[in-house]
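The following note is offered to a colleague who is meeting this structure for the first time. Its points are numbered and may be read alongside the sequence and the model.

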Amino acid sequence: PRPRTEVAPGAVHVPDWLDLDSQRRLVEACRGWRGYRRTRLPNGGVMSVRTVCLGWHWHPYRYAKVTEDGSPVLPFPAWLGDLGRRAVSDAYGTSSYEPDIALVNFYDPAAKMGQHQDKDEASLEPVVSLSLGDACVFRFGNTIDRGRPYTDVDLRSGDLFVFGGESRLAFHGVPRVLPGTADPALGLAGRLNITLRVSGLVS
Ligand code: MD3
Ligand code: FE
């Protein structure tokens, strides 16, 4: 088995956290959430991942209760909060975690995500990341800039990663997906990543 590792203080990787049945159920839930879009950045760029948001809609670089076209944001389901609490409890041994945002990213074989920090949440509570489908190279960096030092970690389907404490503001990204690495039994071509977050906002 791939061992659980603390990549940096507060950054805990728990390989194979979700069994195949739980992964299948999560993939089905992701298919049910409609409205995946490539986010347009203020600098004119367009992200290569397709994203749908639950609870709060992420516009670079803020959260809102409506999407770009003015439609309401999909609700954040209570069961996803329960899953997030179990994740933080298994990674850290604490259990008072109340996420109210999920960002679901779909990666086709060519999609990637540049090194960035997640600073749009008003709370520094941990981020929970769940990976499904194709594996990827995940780059976990430092808190100063996009460059070295960083650590590359393979994230595979079923893996849990929790980013809190000193790691909450670390630069990170996905330089590439490893196409064709998903278990065919999952029925997913490409990669899905679900992150759970605490907005620190009140609607
Ligand atoms: C470290 N997603 O949605 S998950 C993102 O695989 C994002 O889709 C990537 O980066 C993905 O913002 C990476 C791992 C991750 C997520 C959030 C973090 C690492 C993090 C927040 C703080 C520090
Ligand atoms: Fe991020």
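1. In this predicted model, 8 strands make up an open sheet whose order is 1-2-12-9-14-7-4-3, with antiparallel pairing. Its edges are formed by strand 1 (5-8) and strand 3 (37-40), each of which pairs on one side only. Direction ignored, neighbouring strands of this sheet are turned against each other by 30° on average.

2. Within this sheet, strand 9 and strand 14 (residues 191-197) run antiparallel and are joined by 6 bridges. One residue pair may help the reader to locate this pairing: S131 has N193 in strand 14 as its bridge partner.

3. Two helices should be viewed together with these strands. Helix 1 (residues 20-32) lies across strand 7 (101-107), strand 9 and strand 14, and runs at about 95° to strand 9. Helix 2 (residues 78-92) lies across strand 2 (11-14), strand 7, strand 9, strand 12 (160-163) and strand 14; its direction is at about 80° to strand 12.

4. An open sheet of 4 strands, also with antiparallel pairing, has the order 8-13-10-11. Strand 8 and strand 11 (151-155) stand at its edges; each has a single partner strand, so one side of each is left without a neighbour in the sheet. From one strand to the next, the twist averages 25°.

5. In the sheet of 4 strands, strand 10 (residues 135-140) and strand 13 run antiparallel, with 5 bridges joining them. Here A135 has L178, in strand 13, as its bridge partner.

6. Which residues does UniProt list for "binding site"? The unreviewed entry gives H116, D118 and H172. These residues are spread over 57 residues of sequence, yet they cluster in space, the largest C-alpha distance being 8.8 Å.

7. Where is D118 found, and is D118 buried or partly exposed? D118 belongs to the loop between strand 8 (113-116) and strand 9 (127-133). D118 counts as partly exposed because 17 other C-beta atoms lie within 10 Å, a number below the 20 required for a buried residue and above the limit of 12 for an exposed one.

8. H172 is found in strand 13 (residues 172-178). H172 has 26 C-beta neighbours inside 10 Å and therefore counts as buried, the cut-off being 20 or more. Leaving aside residues up to four places away in sequence, H172 touches Q115, R139, F140 and G141.

Note on methods:
Residues numbered from 1 in each chain as written. Chains lettered and ligands numbered in written order. Predicted model: local features only at pLDDT ≥ 70, side-chain atom pairs only at ≥ 80, totals over all residues. UniProt positions renumbered as here; feature names shortened; annotations may be inferred. Contact = placed C-beta atoms within 7 Å. Pairing = 2+ DSSP bridges. Axes fitted to C-alpha atoms, helices over the stretch in contact; angles between N-to-C directions.
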